[in-house]
Amino acid sequence: MSLISVERDSPQHRRLKAAGLALLVVVAMIVPFFFGPFRVSQFTLALIYAVAVLGLNLLVGYSGQISLGHGAFFALGAYTCAILLDRTGVPYLLTIPAAALVCFVAGLALGLPALRLHGLYLALVTLAIAIATPVLIRRFDSLTGGSQGLAVEQPTAPGALGLADDQFIYFLALAVAAPMFWLAAGMVRRDVGRALIAIRDNETAAKTMGVNLAAFKTRAFGLSAAYAGVAGALFVFANGFVAPESFTLVVSFSFLAAVVVGGLATVAGALFGALFIVFVPVWSSDVNDALSGVIYGAALIACMYVFRSGIMGLLRTAFARVVEVKGSTTGRIDDEVDEVAVADADHPAGAGAGGVRS
Amino acid sequence: MERFVQLVIDGIAIGSIYGALALALVLIFRSTGLVNFAQGEMAMFSTFIAWGLVEAGLPLGLALLSALALSFLGGMAIERVLIRPVEGEDPLTILIVTLGLFILINSGAGWIWGFENRGFPRALPDDSADIAGINVSYESLGIVAILLGVSGLLFLLFNRTKLGLAMRAAAANPASARLVGINVGRTLMIGWGLAALLGALAGVLVAPQLFLDVNFMGGVLVYSFAAATLGGFDSPKGAIIGGWIIGVAETLAGDYIGFIGSDLTILVPLAIIFSVLLVRPNGLFGSPEVVRA
Amino acid sequence: MLITLLALVPAACGRDDEGGGGGGGGGSADPGITDKKVTLGGSYPFSGPASAYGTIAKGAEAYFDFINAKGGVGGRTIEFKTIDDAYEPPRALQNVKRLIQQDKVFALFNTLGTPNNLAIWDYVNQQKVPHLFVATGASDWGADIEKHPYTIGWQPNYVTEAKVYAEYLKKEKPNAKVAVLYQNDGFGKDLLGGFEEAIKGSSVKVADKESYNVTDPTVAAQVGRLERSGADTFLNITTPKFSAQAIATIAKSDWRPLHILNNVGASKTLVLTPVGLQNAKGIVSTGYFKDPEDAQWADDAAVKEYHASIKKYSPRTNSNDAFAMYGWTVAQTMAKALEGMKEPTRESLMESVRNMDVEIGTMLPKNKIQTTADDGYPIEAMQIMEFDGSNWKLQGNLIEAKAQ
C-alpha cells in the first residue's frame, strides 16, 4: 500500500514533480560546497559521463541500435575541443557547440550506413571503430599531437564568483548537463520518443503507422553522437589533457555498461550509470588492489542479476510503494507500456539486438 | 611473384589464428544465438590452465587434453551459473554480463598467474619447409589441418546429429524447442562447453607463436569477429575462410598499399566488415537472416 | 526525477572525510610527513594492457618493507600508497588528485607511463608536490625544469638509449642498413627519433621502419616486411611480448641480421627464455642496472639481498623479473633522496633530489645517480651487452650519452 496516491498529470502530481525537481537542483548545487576538491572532481566526471551515457541511451535504449563505439564520438568531441583551444583563440565555451556540431555530423554519417545493419552486425562495426580510434588519433599526429597528447588550459573560475577552480568546473558541467537532460526528457516524452520506442519494438509496425524509419534512426545516431561530443568537450575542461590512451575500448564499454546498469530507455538512469562507472572501479581497487578487476567485473554481472531494468527499474519499484501514480499510459515511456499496451505473442523478448534468426 | 605467394602463405598463417577463435564464436552463436565477448578471455584462461599443468610436470599431450576437458566443463558451468539467470533477458543485458566476464577473467588470470609474458610449449613441429623458395612453417600447416578437421566435425555435428539439430532449434526459438521436448537448458550448456573447448584449442594452438600473457587473445578477438562476420556467423567453414581472407588482405595491404602502413592494419578488418555487411550481411557462407515481422 | 533526488540525498549527507590521511602530526609544514612516517603515493597499471609493469610497484614495495625493517630512513618508516590506473591517463589524474588531496601524501613516486605522467604533471607542479623518479623513459621530464620544477625522471631516457645504439653501430658496423620495428606510441617514437637523429651524417642508414600497436595480436607481418627490405641490422623497439614475437619470427626465417634489442625488451625471463635461449644468441642490448638473473651477479651482495627480500616481502613476485629489480633500484634512489633531505619539507626534498650523487648496489658498477640544478636526468649512462646463449655479457665500458 502506498502512502500517497495521485492522479497522473493532476495538479498535485505536477506540484510533486516540481518539488522533486527543485530539491534535486538544490542538492546538485550544494554538492561542491559540501565536499572537498577530489570528491567534487569525481562528481564532475560523473556529470560529464552522464551526458555521454544519456546520448548512448537515446541510441540503444530508445531506438534499439546498439553501439560499442560511443567512445569514438566522445574522443572526437574531446579532440575538437582540445585542438580548438590549442590552435585557435576560440573561447572555451564555444568549443562545446563546436564539438556538438562536429559529432552530430559524424553521427549522421555513421547513421546512414548503419541503417542497413542491426543488432550484432552494427555492434561489430562500432566495435571496430572503437578499436580504430586511438590508432587514428596517433596517425593524424600533426593535428592531434599523437602520442604526446594535447595539454590545454583549463577554465579557471572568474574571480568575481569567489569559487575554487574545481567548484567552477563542476558548475560548468552542471550548467551544461542539466539542460541536456531536460532536452532529452522532453524529446522522449513527445512524439520523437514514442516513435523511437515503436521502432525499437517493432519496426514493421512502426513503418505502417507512418514513422519515417530512416530519418529517425539516423537522427538518433546524430543526436547521441552530439551528446557524446559535448561530454568530450567538458572532459577536456575537467582534465586539461587528452591522449590516445584516454580513449581506448574501455571507454566505449564503460558507457554501454553504464546505460544498462542505469536503466535502458530511461533518462535519469544515465546519471546512476555514470556514478557507477566513476565510483565502482575506485571502490573495487580499494577493496583489493590486485583483485580490483575481478571485483568490478563481478559487480557488473551482479548488477545485471539484481537490477533487471537497471537501477532506475529498482528505484521505480521502490518508489511506487511510496507514491502511487494512477492514470493512463499516455506519455509513459518505459517497460510498463509493453504490459499495459497490446501484449503481442510474437513480441520478441527485448529487441535490442534486432531479429537475428535463420 | 614469389613475394606475392609468400605473402599469401603468410596471410593464411596469420588468418588461421583469427579463424581458430572465430570457430568458437561461431559455435556459441550457432548453439545459443549469443555473441560472447568473453570468448577470447575464456580461451586465454584455458591456455593458462594448460600452461600451469605443464609447469606442474604433466606431459604436454596430457596437459592439453586435460585443459580441453576442463574448459568444456568450465564452459558448461559458466552457462549454468552465470548466463542462465539472465537467459531470457534483453540481449544487451546478456552482453553486459559477457563484458563483466571479460573483465573478471582477465583480472582473475592475472591475479592467479601474474601479468608477465611467458612462452608456451609447442605441440606442433617448429620447422619450416622450403617449397620452391616459399617458406611454409609446419606449425601453420598443422593449424590449418586441425582447423579444417574441426570445421568438418562441427558440420557433422550440426547437420547430421540429433544433438546438433537440438542446438540449432534451441538457438532459433527456445520456446518452441521446449514445446517439442528439447531440454533447452542442457543443449545450451553443451553449446557453451563446446565453444569453450574450441576456444581452448585455439588458445593452445596459437600461444606458441603469440606468446602467453593475459592479454594475448585481446588483440585476436576483433579480427576473429571480423572473420566470423565475413564468413557468416553461423558457418564454421566460413569462419576459417573468413579468417584467411582477412589475414591475406591484411598482409597484402600492408605490403602493397603504402599509406596504410603497419599501424593502420586494423582498418583492413574494419573495411572488410563494413563492405561485407553493406553488400551481403549474412557473410559469404552464412544463411540469410529472416526477420519475422 | 523525484526518485533520482531521493536516491542522491544519502550520498550527499555522508560528509566526506578529507582531513584524514597520512598527515597527522600537528603543525608540520607539509602534509604526509611526521617524525615517524613519510607517505608516498604512486599510480600504476595493475590491470589492462600494461599490467605487466605492475611488477615494478612490487619491487619498490619490497624495498620499502626491507628498509622499514631496518628502521626506515632518518627514523621514518616509508608508507607507499598505490592505486591502479589501468594505464588510462584520466584515471591517473584522478588517482593523483586523491593521493594529494585525500590521502595527503608527501610526494608522488614512480608514477608510470608517459601519457599518464603528461596528464598529471601540470596539476602536480601547480600543487607544488614532488613528482619523483617517474617510470617512463620519455625525455620530457628533464627537458623542462623551469616549467615543471617538481618533476624528475629516473631511467636513462629513450633518446640516450638510442644514442648508445647509434654510437655502437657507428663503431662496429659503420655502413649498417637498419630495419626498425617500433611500438606506435611515445616510447617507440621517442627511441626511433633519437636514433634517427643520432645517425645523421654517418653512413648508418635506416632501410625500413614498421610500427605496430599494442592492441595488435602479432608483429609477424611487420617483421616479414622488414626482412624483405634487405637490411642487415634489426633495431627492435618493442615491449616484452612483441620482442619475443619478433625474435621468434626471425629465428624461423632465413634472416640473420645484427639484432639490437631495446632495454625494455631485453629481459631473459620475459623474452629470451620463452623464445629459446639459443635463438637469442648474438643479440645486443643495453643495461644500466644488474640483471637479477645473470650468472655474473650470482654472488653480488646487493643482488643477493634483493632476491632474499623479494622472497620475504613479496613472495608472489618472480625475483628474476627485471621489472621487480627496476622497482627495487628506483625505490633505493628514493630512499637516498629522503636521506639527503635536511628538513621535513617538500622544498627540502626537491633540493636533495636536485643534488644527488649516489651509488646504488644494484646499479651497474660505476653507474651513479647524478643530478644537479640544471641536469634533470639522474641516469645517463648505459652499457652495451651481448647475449651469449645463456647470459648477457657486458661489453666495453659504460657509455654516457646525454639527451641534450
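# A guided tour, starting at a covered helix

Begin by selecting A220(C), A221(C), Q222(C), V223(C), G224(C), R225(C) and L226(C), the buried residues of helix α8 of chain C. You are looking at a predicted model, so keep the confidence colouring to hand if your viewer offers it. Helix α8(C) covers residues 220–227, and seven of its eight residues are buried. What do the buried residues of α8(C) pack against? Show the surroundings and you will find α1 and α10 of chain B, along with β5 (177–183), β6 (205–212), β7 (233–237) and α9 (240–252) of chain C.

**Stop 1: where chain B meets chain C**

Two of those neighbours belong to chain B, so widen the selection to the contact between the two chains. Here 30 residues of chain B are in contact with 33 residues of chain C. On the chain B side, the elements that give two or more residues are α1 (2–32), α4 (91–113), β2 (134–137), α8 (184–210), α9 (218–231) and α10 (236–256) of chain B. Colour that side by residue class and you should see eight nonpolar, 14 polar and eight charged residues.

**Stop 2: where chain B meets chain A**

Now turn to the contact of chain B with chain A, which takes 46 residues from chain B and 44 residues from chain A. On chain B, the elements giving two or more residues to this side are α4, α9 and α11 of chain B. Select α4(B) here: the largest share, 14 residues, comes from this helix. The class colouring on this side of chain B shows 31 nonpolar, nine polar and six charged residues.

While chain B is in view, colour it by pLDDT. The mean for chain B is 87, and 96% of its residues reach 70 or more. Which helix of chain B has the lowest confidence, and which the highest? Helix α11 (residues 267–279) of chain B is lowest, at a mean of 77, while helix α2 (residues 39–55) of chain B is highest, at 95.

**Stop 3: chain C as a whole**

Hide the other chains and step back to see chain C. Its secondary structure comes to 13 helices and 13 strands. The radius of gyration of chain C is 22 Å, close to the 22 Å that the globule rule gives for 404 residues, so chain C is as compact as a globular protein of that length. The C-alpha trace of chain C spans about 70 × 60 × 40 Å along its principal axes. Of its 404 residues, 62% count as buried. Among contacts in chain C between residues at least 6 apart in sequence, 69% join residues at least 24 apart.

**Stop 4: a parallel sheet**

Next, pick out four strands of chain C that form an open sheet with parallel pairing, in the order β2-β1-β3-β4. Strands β2 (77–84) and β4 (131–132) of chain C stand at the edges with a single partner strand each, so one side of each has no neighbour in the sheet. Zoom in on β1 (residues 37–44) of chain C, which pairs with β2(C) over eight bridges. Within this pair, V38(C) stands opposite I78(C).

Helix α2 (residues 54–69) of chain C packs on the sheet, touching β1 and β2 of chain C, and its direction makes about 165° with that of β2(C). Add helix α3 (residues 89–102) of chain C, which lies across β1, β2 and β3 (107–109) of chain C and runs at about 170° to β1(C).

**Stop 5: two loop residues**

Select N110(C), in the loop between β3 and α4 (114–126) of chain C. N110(C) has a phi near 60°, a positive value in a residue other than glycine. Is N110(C) buried or exposed? N110(C) is buried, with 27 other C-beta atoms within 10 Å.

Then move to F133(C), in the loop between β4 and α5 (140–143) of chain C. F133(C) is not a glycine either, yet its phi is positive, at about 50°. With 26 C-beta neighbours inside 10 Å, F133(C) also counts as buried.

**Last stop: an enclosed strand and its hairpin**

Finish at strand β12 (residues 381–387) of chain C. Six of its seven residues are buried, so the strand is largely enclosed by the rest of the structure. Strand β9 (residues 284–287) of chain C pairs with β12(C) in the antiparallel sense over four bridges, and S285(C) stands opposite M385(C) there. Strand β13 (residues 392–400) of chain C also runs antiparallel to β12(C), joined by six bridges. In that pair, look for E386(C) opposite K393(C). β12(C) and β13(C) form a hairpin with four residues between them, and G389(C) in the turn has a positive phi of about 110°.

Conventions: Residues are numbered from 1 along each chain as its sequence is written. Chains are lettered from A and ligands numbered from 1 in the order in which they are written. This is a predicted model: local features need pLDDT of at least 70, side-chain atom pairs count only at pLDDT 80 or more; totals for chains, interfaces and linings use all residues. Two strands pair if DSSP finds at least two bridges between them. Two residues are in contact if their C-beta atoms, placed from the backbone, lie within 7 Å. Axes are lines fitted to C-alpha atoms, for helices over the stretch in contact, and angles run from 0 to 180 degrees between N-to-C directions. A residue is buried if 20 or more other C-beta atoms lie within 10 Å of its own, exposed if 12 or fewer, and partly exposed in between; C-beta atoms are placed from the backbone. pLDDT is the predictor's confidence in each residue, from 0 to 100. Ala, Val, Leu, Ile, Met, Phe, Trp, Tyr, Cys and Pro count as nonpolar, Asp, Glu, Lys and Arg as charged, and the others, Gly among them, as polar. The radius of gyration is taken over C-alpha atoms; the globule rule is 2.2 Å times the number of residues to the power 0.38.
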